[in-house]
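Work through the exercises below with the structure open beside you. Try each task before you read its solution.

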Amino acid sequence: MDQSSYDVAIVGGGHNGLASACYLAKAGKKVVVVEALPQVGGMCTSGPLIPEAPNHTINPCALDLMSLRVHPMMIEELELERHGFVQKEMNPGYVYVHPNKDTLVFFRDYEKTADEIARYSTKDAEAYRKLMPVVFAFVDMALPQMRVDPASFNFKAKLASLLALMKNSGRKDEIMALVSSPAYTTIMERFEHPVVRSALCCLLGAAGPITNEATGIYFVLLGFIQKFGLGRAMGGMQTISDALASRLRELGGDILVNEPVAEIVSKNKKVSGIRLKSGKTISAAAVVASIHPKQAFEMVTEGEMDRGALTKVQLAPANAHGGSPIKIDLALSGQVNYHELEEKRGDGLSLRKSVLLIGTEEAVLDNFKCVGRGQVSKHPYMWITAPTAMDPSQAPKGQDVAYLYPVAMPLDPVEGWDAIREQVANQVIDWAAVYMKGLKELEIGRCMEVARDWEKRLNLHNGCVIHIDTCTTRSGGMRPAAGLGGDRLPVEGLFLGGAGIHPGGGVNGMPGRLAAARVKRYLP
Ligand SMILES: Cc1cc2nc3c(=O)[nH]c(=O)nc-3n(C[C@H](O)[C@H](O)[C@H](O)COP(=O)(O)OP(=O)(O)OC[C@H]3O[C@@H](n4cnc5c(N)ncnc54)[C@H](O)[C@@H]3O)c2cc1C
């Protein structure tokens, strides 16, 4: 077998592509990962991205390990700790901040979170204590399904979900109401205090527009935080991708970087390999496309992909509400502080390592309304943190990096991003600086990306950070689309293996793991 002939070629060296390759190499397959960019990781990377601050590590995309704590299998199964991955838990993780500087901490412990809510409303604390068992029941039913291949029978997982359902049979109506309603309806129905309502709107809004039907499933976010907590990768997110790459090389797999794939070669509806933009071809019995499903299907040899399947992925929702997060990072010459917020709490709790959720119920609703009209809200609602508080090694001693994540910005603002980019960056920084003291005064340099930048840089349809929107109709075997979430696609030997398949986006490696299992079943 020569160097350009493999059992499996993986298109895309994001963390899912690398995970897929590791699992396949572990099973004895000869694999190659082909990545368009100079470095592996996709949206799971970090590095010195601000020229004026070469010793500040920037995490341009993912930062918080929530998904990976919910699905930690990849870490152990691929021995990533042996390859340099180190995780630390953040506690407290997420902290809501009201404009009047009141704070509400989402502690890992839900009873403690209820006590925190009681600082504002004992009635709401009671409502929280009643709601969370419903959320946990849904998580207990859903989680076993998230961890298995929806294309298989999965008797054990079905039994686990059934047992969770039976255990919570008295809560059936509440669970149905929760998951079938807009998340916002549940918040309004159950809670009264503006701080509590705003805190929940700001938290769940990170999953998408909370007034849409059936967005009650976003409450799993809350369930996950309280069940599994939050973590950070020491050294930055690149350490996860590098650990995967190192494990892959150890297992004998190959990685090509700077090599965009131009075609997934198929003849008579069966793949035979890939053709790179550089002209080189690689033959392979199976191809895992660990990229957005639209890009993957469009890359299949012309005329080979079923037209219906192509249409389904082209029209699958990816930032369908017209909005997306954007990202602004700043390298700082000193450390930011939250003394004012901490003093107002008066309990000695330090918020420096936490993520602050800035906004109100009204701001969250306005942000989502504005994106539909191609506008930037006057009060961008955002999540902000200084990653260097958890891991000082990511900046020179005594200095910080600030990570600003406005959650709902227009995908295509009416004026175009080029016209308003700088103005929006300043608006976001001004707003964040109200809470993050020192942010503006300490700035050395900054970098900013919007969804259209991710689209271009990462070949990512609509710059959708989870490839396909999170909704009940795009989950399990219906992700990315009905008929395309199983273990066979219209072109034999082709498999999807990125965030656009079950169980979805976030850094967790599960889609890659799932794709590898499907390939193993396909290849003898
Ligand atoms: C700003 C931001 C913040 C986020 N925050 C979090 C967070 O805190 N926690 C979390 O868990 N998740 C977060 N996410 C989401 C998470 O990072 C992604 O869902 C996840 O990393 C997707 O991984 P993937 O491997 O499936 O795909 P990707 O990361 O998209 O990887 C796909 C890879 O394929 C490559 N590629 C594309 N086309 C080609 C081609 N033709 N040839 C060769 N290579 C190609 C791309 O360059 C890329 O490297 C965030 C994302 C963003 C953008």
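**Exercise 1: Domains and their contact**

The centres of domain 1 and domain 3, taken over C-alpha atoms, are 30 Å apart. This is a predicted model.

Task: State how many residues each of these two domains gives to the contact, and sort the domain 1 side by class.

Solution:
- Step 1. Find the domains. The assignment lists domain 1 (5-46 + 65-86 + 236-317 + 465-522), domain 2 (109-228) and domain 3 (319-458).
- Step 2. Count the contact. Domain 1 puts in six residues, and domain 3 puts in five residues.
- Step 3. Sort by class. On the side of domain 1 that touches domain 3, three residues are nonpolar, two are polar and one is charged.

**Exercise 2: The shell around the ligand**

Task: Work out where the ligand shell lies relative to domain 1 and domain 3.

Solution:
- Step 1. Pick out the nearest residues. There are 39 residues around the ligand, and Gly12, Gly14, Gly42, Met43 and Ala62 come nearest.
- Step 2. Look at the helices. Helix H1 (15-26) and helix H18 (451-458) each supply at least two residues of the shell. H1 gives the largest share, three residues.
- Step 3. Sort the shell by class. It holds 22 nonpolar, 14 polar and three charged residues.
- Step 4. Conclude. Domain 1 and domain 3 both give residues to the shell, so it lies between them.

**Exercise 3: A sheet of seven strands**

Task: Give the strand order of the open seven-stranded sheet, and name its edge strands.

Solution:
- Step 1. Recall the principle. Strands of a sheet pair through backbone hydrogen bonds, either parallel or antiparallel.
- Step 2. Read the order. It is S5-S4-S13-S14-S15-S12-S17, with mixed pairing.
- Step 3. Find the edges. Strand S5 (103-106) and strand S17 (443-449) each pair on one side only.
- Step 4. Note the turn. Neighbouring strands of this sheet are turned by 20° against each other on average, direction ignored.
- Step 5. Zoom in on one pair. Strand S13 (residues 355-358) and strand S14 (residues 382-385) run antiparallel, joined by three bridges. Leu356 stands opposite Ile384 in S14.

**Exercise 4: One loop residue**

Task: Decide whether Ser475 is buried, partly exposed or exposed.

Solution:
- Step 1. Locate the residue. Ser475 sits in the loop between H18 and strand S18 (494-496).
- Step 2. Apply the cut-off. A residue is buried with 20 or more other C-beta atoms within 10 Å, and exposed with 12 or fewer.
- Step 3. Decide. Ser475 has 19 C-beta neighbours inside 10 Å, so it counts as partly exposed.
- Step 4. Check a partner. Gly504 is 29 residues from Ser475 along the chain, and their C-alpha atoms are separated by 7.7 Å.

Key:
Residues numbered from 1 in each chain as written. Predicted model: local features only at pLDDT ≥ 70, side-chain atom pairs only at ≥ 80, totals over all residues. Near = placed C-beta within 6 Å. Helix = DSSP H or I, 4+ residues; strand = E, 2+ residues; numbered from the N terminus. Nonpolar A, V, L, I, M, F, W, Y, C, P; charged D, E, K, R; others polar. Domains from an automatic or database assignment. Pairing = 2+ DSSP bridges. Axes fitted to C-alpha atoms, helices over the stretch in contact; angles between N-to-C directions. Contact = placed C-beta atoms within 7 Å.
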